[in-house]
Structure formats: structure tokens, C-alpha cells
Amino acid sequence: MNKKSFLFVANWKMVLTAQQSMNYCQEHISDMTKLSEATGNSIVLCPSFPMIGAVNYLTIDTPITLGAQSCSSFAPGAYTGEVSAISLAEFGCKYCIVGHSERRHYCHETDEDIARKVRHCLLAGMAPILCIGEVEDEAIVIKTASILDEQLSLLSDYVIDLGINETRTIWIAYEPVWAIGTGRLPDSHYLHEIYDMLEPIVSKRVPQGFTIRYLYGGSLTEENIESITNIGTIDGFLVGGSSLDFQKFKNMISLCV
Ligand code: PEP
């Protein structure tokens, strides 16, 4: 049987400074390249906006790809302080995280804003990484299912008219909010059930013709990642804290072979 390849998305949030982001790339690009080639896993780096150009420059001609942490929900226009999806794509971003729980919480992004962002990413040629997840740690699968369904409820309205020439891949990142940055990984039985029920929800909410891929994110470490790699639906991981320390990130990627 062929080995599964995973996508590892490093979300550096606003933690790494400009200088630290450059140092990270300069110091580790050769290791990252070897790691990606040796494991077959793909690596996406998501620096903060001002570093997009520099990280693009430092990763050009390598297998490492670039992603953004967010984009505007508007098309280019008079929106001071916003960054359009198209500019990010012009700077080499192939992926864009949208709807991260920190943006839903601190920036009050709504499901509608997020659905618009998905649209702009696709129009710009980037694959959106759409984050969904419940806030409370209740581990009630049926309740979580209805929260995830609600978070996806407007998606179809904003992507249904897109033509077949637009990007057609959407990554859905299930990130229980209570697991982000807390050191608490959901129980693997719960996660199995969540991914089982997520597929029918997503196929109801996303029009036909799109390719859907699934990520998991929330307190992943080199110690716990192996416990969830056997969940067949999971195609990769969104990694916050553990991506900041390259050795930890490397160990995680090396374990997924
Ligand atoms: C995240 O913020 O998307 C995330 C997964 O963070 P952490 O890995 O630190 O929990």
C-alpha cells in the first residue's frame, strides 16, 4: 500500500518577529527540503503579512510552500489596512488560513466574512484552509456536529457560481478551540467520530466539483501526533506552537511516514 502524504501547515501567528521568521527560513530551509523529500510530506509556512515576500524569496525553488494567515473578505478596493487575496497570491501564497478561531474571537469575524474569504482565495488561485471547531470542551459529538454544520452553512452561497477554471480545492481544518494552545488533545475515539460525521456535513455544504481535504489542528506535538495519524480522513495538520521550534516540527513530520 502507498504511504499517505500529509500536509503540515505551520501557523506562526504573530509570534515570530520579522527577523525571527527570516532566521527560521535561512537556518532550516535545507533541512525542510530534505525532510519533505525524504518523508513525502508537504510543508506550508504561514508567516505574518509583512514577511510573506521575504519567506517567498527564501523558499523559492524549494518544495516548501507559502501560505497566509488570513486575507480580506473584500475584493481589492478602498479598505484601509486590509490585504487582498489576490496580492497574497501574487506574492506566492498557495494557501490561506481563513476563519481561525483567534480571528473569529478577537476580530469578530462571522461565518459570512469567512465564506467571502474562501471565495476570494479561490478566485485568486489559493487553496483556503477553512478553520472550524467548537469552543467548549464537552466532547458531545452530536452537538459539535451541529456547530460545524452551522459554521459551514453559508459556504455554498459564496462558491456555487465559481467556474471550473478557479481553484477547486478547499482544506477544512477541524480545530477544537479548547484544544488550541492548551496542551489538550481530544480523545482519539472522539476525533474518529468527528471526522466520520464531518464528511457528510461537508458534502451537504460544499457544492459538487470541489475537492475537499481535511486537517486537524490543536495542541499537536511530537509526543501525540502518532495517536491520530490513523484517522483515515485526516490529510494533514495545522500546527501552531510546535511549528515555532524547528526541531519539534521536524520530529513531528519525521514521525508521519
Ligand atoms: C492553531 O492555532 O491553529 C494551532 C493549531 O495552535 P497550537 O498547535 O499551538 O494548538
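Is Asp-31 buried, partly exposed or exposed? I began my notebook with this residue, and I found that Asp-31 counts as partly exposed, its relative accessibility being 28%. I note at the outset that I am reading a predicted model, and I keep that in mind in every entry below.

**Entry: the partner of Asp-31**

I looked next for what the side chain of Asp-31 meets, and I found a salt bridge with the side chain of Lys-250, at 3.5 Å from N to O. Asp-31 belongs to helix H1, which covers residues 18-39, while Lys-250 belongs to helix H10, which covers residues 246-255, so this pair ties together parts that stand 219 residues apart in sequence. I also looked up the cover on Lys-250, and with a relative accessible area of 24% this residue is partly exposed. As a reminder to myself, side chains of opposite charge can pair when their charged atoms come close.

**Entry: other salt bridges**

How many salt bridges does a search of the whole structure find? The search gives eleven, and I followed some of them up.

I turned to Glu-138, which forms a salt bridge with Lys-143, and I noted 2.8 Å between the closest N and O atoms. Glu-138 counts as partly exposed at 38% relative accessibility, and Lys-143 is partly exposed as well, with a relative accessible area of 38%.

I then went to Asp-149 and Lys-204, whose side chains meet in a salt bridge at 3.3 Å, N to O. This pair links distant parts of the chain, since Asp-149 sits in helix H6 (residues 141-151) and Lys-204 in helix H8 (residues 188-205), 55 residues apart. Here I wanted to know how each partner is covered, and I found Asp-149 buried, with a relative accessible area of 15%, whereas Lys-204 is exposed, with a relative accessible area of 55%. The cut-offs matter for this reading, because buried means under 20% and exposed means over 50%.

I also found Arg-103, Glu-109 and Lys-117 linked to one another in a network of salt bridges.

**Entry: the ligand**

Which residues come nearest to the ligand? I counted 14 residues around the ligand, and of these the nearest are Lys-13, His-100, Glu-175, Gly-181 and Ser-219. When I sorted the shell by kind, I had four nonpolar residues, eight polar ones and two charged ones.

I then went through the polar atoms that face oxygen atoms of the ligand. In His-100 a polar side-chain atom lies 2.8 Å from a ligand oxygen, and in Glu-175 a polar side-chain atom lies 2.7 Å from an oxygen atom of the ligand. For Ser-219 the atom concerned is a backbone N or O, which lies 2.7 Å from an oxygen atom of the ligand. I also looked up how much of the ligand is covered, and of the 290 Å² that the ligand exposes when taken alone, the protein buries 95%.

**Entry: strands E1 and E2**

I followed strand E1, residues 7-11, to its pairing with E2, which runs in the parallel sense over five bridges. Within this pairing I found Val-9 standing opposite Val-44 in E2. Strand E2 spans residues 42-46, and four of its five residues are buried, so E2 is largely enclosed by the rest of the structure.

**Entry: Thr-39**

Thr-39 lies in helix H1, and I found this residue buried, at 7% relative accessibility. I looked for the polar atoms around its side chain, and the backbone oxygen of Leu-35 lies 2.7 Å from a polar atom there, while the backbone nitrogen of Asn-41 lies 3.1 Å from a polar side-chain atom of Thr-39.

**Entry: two loop residues**

Where is Ser-72 found? I located Ser-72 in the loop between strand E3 (65-68) and helix H3 (85-90), and at 3% relative accessibility Ser-72 counts as buried. From Ser-72 to Cys-25 I noted 26 Å, C-alpha to C-alpha, with their positions 47 residues apart in sequence.

My last lookup was Asn-165, which is found in the loop between helix H7 (155-159) and strand E6 (169-174). Asn-165 counts as exposed, at 75% relative accessibility. Asn-165 and Ser-48 are 117 residues apart in sequence, and in space I noted 29 Å from C-alpha to C-alpha.

How values were computed
Residues numbered from 1 in each chain as written. Predicted model: local features only at pLDDT ≥ 70, side-chain atom pairs only at ≥ 80, totals over all residues. Heavy atoms only, no water. Near = heavy atom within 4 Å. Polar contact = N/O pair within 3.5 Å; in protein donor to acceptor, adjacent residues only side chain to side chain. Areas by Shrake-Rupley, 256 points an atom, 1.4 Å probe, with all protein chains shown as cover. Nonpolar A, V, L, I, M, F, W, Y, C, P; charged D, E, K, R; others polar. Salt bridge = Lys/Arg side-chain N within 4 Å of Asp/Glu carboxyl O. Buried < 20%, exposed > 50% of the residue type's maximum accessible area, 1.4 Å probe, protein only. Pairing = 2+ DSSP bridges.
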